[in-house]
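Colleague: I am new to this structure and would like a close look at one part of it. Please take the helices that pack against each other, and then the places around them.

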Amino acid sequence: MNVQNSDLAADARARASTAEEGLAIQEEQAKLDSKFATDVAMQNTLLTPRFYTTDFDQLDAIDVSPVRRDWDALIAEMVADPNKGHFKKTEDWDHVDWEGMEPQLKKEFIDFLISSCTAEFSGCVLYKEMKRRGSNKDVTQLFQLMARDEARHAGFINDALREAGVAVNLGFLTQKKKYTFFRPKFIYYATYLSEKIGYARYITIFRHLQAHPEHRFHPIFKWFEEWCNDEFRHGEAFALLMKTDPKLTSGVNVWWIKFFLTAVFATMYVRDHQRPAFHKALGVDPDWYGHEVFRKTSILSEQIFPITLDIDHPAWQPTLEGLSRANVAIAKGKKEGGVAGRLRSWSNQAKAAWCFARLYTIPAHRHELPESTRLEPAY
Ligand SMILES: [Fe+2]
Ligand SMILES: [Fe+2]
């Protein structure tokens, strides 16, 4: 990671005899860090944010008439653009002491920012493509508005990264990152959930830091409240799209919904547990945080999903912990290499698959869907 690069550059800087040499080394360092950041954003593993493509014609064929009233109200809210001026640094943007930041925290926080930036940008790319390919006025208008928001989000995070001498090359990502094809219904489930869980994540951190400002080690967290309202609206839009076709949330599709709920929750849990120093600095126990975010997301998703996962089931938490341990062991085995490393990696992949299957088979809570899906941010 770039901590090592920073050490190297710091050494070199100490040796540099003139200010010019120092400057040249700093520029070199920034290039190194940005290449590193872009490389990280390029990764496609089970845990890293992906870029998606879909059957755009099928999406374009959606008729929103069954939800017209709610649809028009939501679009009007988005057209009014309440966050137009929000994603700009103001005097609230305190100075960040990147040099003085504890190295492990810096490493994990930069990783958090890169991963968030990639996820935001992934939304932007998908939504923009839909807008470009479609001809359905309702659908293209929605996707254009959402692309606008996600571009702002990704750009704002990239601004914050730039202060640390790191930047994700978003143009390069658009061209070179691998795109995963998902059928439209899978895009609905996955994107709806990622928008709602994004809202729950941002608002939970924001409320926690409101109560404990001494843990706010970076100003970007002050921007999370209005930010998460954008994600909330995006989630509302996908709920309405799903509401246009009752088949999407019934029959065999309920099993797909359960699959996506389990996958999204489990991925979040495992990824967050890879950042202990980051959560410690925030003063947040990642187990508490995970449970809180799952709880909020579950309550919200009752607007459109006929089931919620039983996150209080006695097997839920220990199985998540097992999955997280297996994941650490897989990474360790891969790093180790050789026969022993490969064996460790394989056996833990089997363990991880078993844990996932166990989570998936925990009976879900069922409920009736409400008449109208529309919700307002309440946390
Ligand atoms: Fe976003
Ligand atoms: Fe979003």
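Modeller: What follows goes through the helix packing and then through two further helices and some single residues.

The model is a predicted one. A useful frame comes from UniProt, where an unreviewed entry places the feature "domain: Rubrerythrin diiron-binding" at residues 111–241. In the model this span is 79% helix and 2% strand, and its end C-alpha atoms lie 33 Å apart.

Start with helix 5 (103–133) and helix 6 (residues 137–163). The axes of helix 5 and helix 6 are 7 Å apart, and the two pack at an angle of about 155°. Angles over 145 degrees count as roughly antiparallel, and helix 5 is therefore roughly antiparallel to helix 6. The crossing of helix 5 with helix 6 is left-handed.

Helix 6 also packs against helix 9 (residues 224–243). Here the angle is about 150° and the axes are 11 Å apart. That makes helix 6 roughly antiparallel to helix 9 as well. On the helix 6 side the contact is made by Leu142, Met146, Asp149 and His153, and on the helix 9 side by Trp227, Asp230, His234 and Ala237. As a rule, an α-helix has 3.6 residues a turn, so residues three or four places apart point the same way. The crossing of helix 6 and helix 9 is left-handed.

Helix 9 has a further partner in helix 4 (68–80). The axes of helix 4 and helix 9 come within 11 Å and cross at roughly 155°. Helix 4 and helix 9 are therefore roughly antiparallel to each other, and their crossing is left-handed. From helix 4, the residues that meet helix 9 are Asp70, Trp71, Leu74, Glu77 and Met78. Their counterparts in helix 9 are Arg233, Glu236, Ala237 and Leu240. Ala237 thus appears in the contact with helix 4 and in the contact with helix 6.

Some single residues fill in this picture. Ala73 is found in helix 4. Ala73 counts as exposed because it has 11 C-beta neighbours inside 10 Å, and the limit for exposed is 12 or fewer. From Ala73 to Ala147 the C-alpha distance is 19 Å, across 74 residues of sequence.

The loop between helix 4 and helix 5 holds Asp81. The phi of Asp81 is near 55°, a positive value in a residue other than glycine. Asp81 is partly exposed, with 13 other C-beta atoms within 10 Å.

Glu163 belongs to helix 6. Glu163 counts as partly exposed, having 14 C-beta neighbours inside 10 Å. Apart from neighbours within four places in sequence, Glu163 is in contact with Val96 and Trp98. Glu163 and Trp98 are 65 residues apart in sequence, while their C-alpha atoms are 8.1 Å apart in space.

Two further helices can be read together. Helix 10 (253–272) is among the elements that cover the buried residues of helix 13, and helix 13 is among those that cover the buried residues of helix 10.

Helix 10 has 20 residues and reaches 29 Å from its first C-alpha to its last, close to the 28 Å expected at 1.5 Å a residue. Its buried residues are Ile257, Lys258, Leu261, Phe265, Ala266, Met268, Tyr269, Val270 and Asp272. Besides helix 13, the cover of these residues includes helix 8 (184–211), helix 11, helix 12 (286–301), strand 3 (307–308) and helix 14.

Helix 13 (residues 316–336) has 21 residues, which should span 30 Å at 1.5 Å a residue; its end C-alpha atoms are 30 Å apart, which agrees. Buried in helix 13 are Thr319, Leu320, Leu323, Ser324, Ala326, Asn327 and Gly333. Along with helix 10, helix 14 (338–361) is included in the cover of these residues. Just after helix 13 comes Gly337, with a positive phi of about 70°.

Gln274 lies in the loop between helix 10 and helix 11 (276–282). With 16 C-beta neighbours inside 10 Å, Gln274 counts as partly exposed. Gln274 is 50 residues from Ser324 in sequence, and the C-alpha atoms of the two are 8.6 Å apart in space. Ser324 is itself one of the buried residues of helix 13.

Technical notes:
Residues are numbered from 1 along each chain as its sequence is written. Chains are lettered from A and ligands numbered from 1 in the order in which they are written. This is a predicted model: local features need pLDDT of at least 70, side-chain atom pairs count only at pLDDT 80 or more; totals for chains, interfaces and linings use all residues. UniProt positions are given in the numbering used here, feature names are shortened, and annotations may be inferred rather than shown by experiment. Helices (H or I, at least four residues) and strands (E, at least two) are DSSP runs, numbered from the N terminus. The expected span of a helix is 1.5 Å times one less than its number of residues. A residue is buried if 20 or more other C-beta atoms lie within 10 Å of its own, exposed if 12 or fewer, and partly exposed in between; C-beta atoms are placed from the backbone. Two residues are in contact if their C-beta atoms, placed from the backbone, lie within 7 Å. Axes are lines fitted to C-alpha atoms, for helices over the stretch in contact, and angles run from 0 to 180 degrees between N-to-C directions. Angles under 35 degrees count as roughly parallel, over 145 as roughly antiparallel, 65 to 115 as roughly perpendicular and the rest as oblique. A crossing is left-handed if the near helix is turned anticlockwise from the far one by less than a right angle, and right-handed if clockwise.
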